[in-house]
Amino acid sequence: MKPTGSIIFASILYLLSLTHTAAQITLAPNAKVSLLTCTSGAELHAAFGHSALRIQDSEQQLDLVFNYGTFDFETPNFYLKFLNGELDYFLSVSTFAHFIRYYHSVGRGVDEQVLNLNIAEKQLLFQSLTEQLKPENRFYRYEFLRENCATKIPEILESITEEDLEFEPLEFETKESFRSLIGQSLNRYSWQYFGVNIVLGSVVDRKLQPLDPLFLPEFVALQFDQTRIRNTPIVGQKRALLPASFVPPSHSYLSSPQFLSLLILIAVIYALWRGKTSTIAFRAESALLIVFGVLGIVLLYMMFGTEHIATRNNFNILWLNPLILIALISPTKTRWLAVSLSGLFVMVVHYMGVQEMTSSFRLLSLALVLIGIRRALLISNSKTK
């Protein structure tokens, strides 16, 4: 959900002032607990949807939404903490009216699943959530695959139920992975898809375990449809509260990373076939190589200098390689052949199933192989003259 900073804090104080103290509230027997699942939005952080819990009690005049997906742009060193995987998210609360008004304003749909909890479980859940709202309890370390707005909901529900929830595993094809599920939320021709796949390492390519998909809100909703409690389905009622009106932008192949990568490869093949290249083309090629090398340094940092799990063991380092910068500064035949060999291993990694490399990455790595060979030949030819 979109961060609202001090507004959320003010709403918490307002709600607690109305109810005096949440610990004193006893929910009525007809109170309802619902899972809310929201469709995707325009921003990257909204592309994967959202999950929240709704608690309604008409007798207490309560209709609240508890949201684990809140972060604050005003956090000191926000971007550095986000890059380092050290950003804390927190539990917030708002009225349902405010919640649904926001999602209506951005064109995102909201579906509701009313949960078959008994009154004791509803009361315990409400008390647990309000306890977690306290400043000393509401923050948690965000981690995309393991700790987010979606994963927190099954976690707290399991903690308050009198009996274990019976999760029936979702069925997926054997080739499904974290990466493939993430890819379903992004347009394959978009630069978002290109960028996300650059920073994700081989960690996200392993075969899914039964509850792994619950890092995405839509799969939490699907899982709850197949979950039972006390031998009955945990979902008692389903309804669409708000239809989605946001339409994701279309992406043309001609403006996609794939097409640009293909053009780069064609230009490199032409330069290798021609044997000579203009000064402008050579400088453009060098600029591309600098971008590759700098991105390689970023990937090294993401792998070893941050807390992110999803960016570890990233074999994109084979074509986004810091060694390129050394070869540019101090070119030798051996260094350019090493760059070329490194790019060639991208194909090996992909076809062995170690890490999925998109078509763009394979095209660019092949271009790097040919650039390395051509520059090694140029050095070799210059020495023989």
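Here are some short exercises on the structure above, each with a worked solution.

**Before you start**

This is a predicted model, so keep in mind that local features need pLDDT of at least 70 and side-chain atom pairs count only at pLDDT 80 or more, while totals for chains, interfaces and linings use all residues. Residues are numbered from 1 along each chain as its sequence is written, and side-chain values use heavy atoms, with hydrogens and water left out.

**Exercise 1. Get an overview of the chain: how many helices and strands does the chain have?**

Step 1. Count the elements: there are 13 helices and ten strands. Both are DSSP runs numbered from the N terminus (helices are H or I, at least four residues; strands are E, at least two).

Step 2. Look at the box: along the principal axes, the C-alpha atoms fill roughly 90 × 40 × 35 Å.

Step 3. Check burial: 48% of the 385 residues are buried. Buried means under 20% relative accessible area, exposed means over 50%, and partly exposed is in between (1.4 Å probe, protein chains only).

Step 4. Now the contacts, meaning heavy atoms within 4.5 Å. Take those between residues at least 6 apart in sequence: 78% of them join residues at least 24 apart.

**Exercise 2. Work out the open sheet: what is the order of its seven strands?**

Step 1. Read across the sheet: the order is 6-4-3-2-1-5-10, with antiparallel pairing. Two strands pair if DSSP finds at least two bridges between them.

Step 2. Find the edges. Strand 6 (139–141) and strand 10 (235–242) each have a single partner strand, so one side of each has no neighbour in the sheet.

Step 3. Add the twist: ignoring direction, neighbouring strands are turned by 25 degrees against each other on average.

Step 4. Walk through some pairs, starting at strand 6. Strand 4 and strand 6 are joined by three bridges, and D88 sits opposite R141 in strand 6. Strand 3 and strand 4 share five bridges, with N67 partnered by S92 in strand 4. Strand 1 and strand 2 have seven bridges, and H50 in strand 2 is the bridge partner of C38.

**Exercise 3. Zoom in on strand 2 and strand 3: how many residues lie between them in their hairpin?**

Step 1. The hairpin has four residues between the strands, and Q61 in the turn has a positive phi of about 55 degrees.

Step 2. Five bridges hold the antiparallel pair together. Q56 stands opposite D63 in strand 3, and I55 stands opposite L64.

Step 3. Recall a general point: side chains in a regular strand alternate between the two faces of the sheet.

Step 4. Apply that to strand 2. On one side H50, A52, R54 and Q56 are buried, and on the other S51, L53, I55 and D57 are buried too, so both faces are covered.

Step 5. Strand 3 has eight of its nine residues buried, so it is largely enclosed by the rest of the structure.

**Exercise 4. Explore the largest nonpolar core: which members touch the most other members?**

Step 1. A nonpolar core is a set of buried Ala, Val, Leu, Ile, Met, Phe, Trp, Tyr and Cys residues joined through side-chain atoms within 4.5 Å. This one has 37 residues, and F66, L117, L125, L129, L157 and F224 touch the most other members.

Step 2. Ask where members come from. Elements giving two or more residues include strand 1 (32–38), strand 4 (88–95), helix 5 (152–160) and helix 8 (217–225).

Step 3. Follow F224. Beyond four places in sequence, its contacts are L35, Q113, L115, I153, P154, L157, I234 and V235.

Step 4. Don't miss the other core, which lies apart and has 27 residues, among them M303, A367, I371 and A376.

**Exercise 5. Decide about S202: buried or exposed?**

Step 1. Locate S202: it lies in the loop between helix 7 (191–199) and helix 8.

Step 2. Its relative accessibility is 14%, so S202 counts as buried.

Step 3. List what S202 touches: leaving out residues up to four places away in sequence, these are R179, R312, N313, N314, F315, V354 and Q355.

Step 4. Pick out one link: the S202 side chain reaches the backbone oxygen of N313 at 2.8 Å.

Definitions and conventions. Axes are lines fitted to C-alpha atoms, for helices over the stretch in contact, and angles run from 0 to 180 degrees between N-to-C directions. A polar contact is a pair of N or O atoms within 3.5 Å; within protein, one must be able to donate a hydrogen and the other to accept it, and residues adjacent in sequence count only if both atoms are side-chain atoms.
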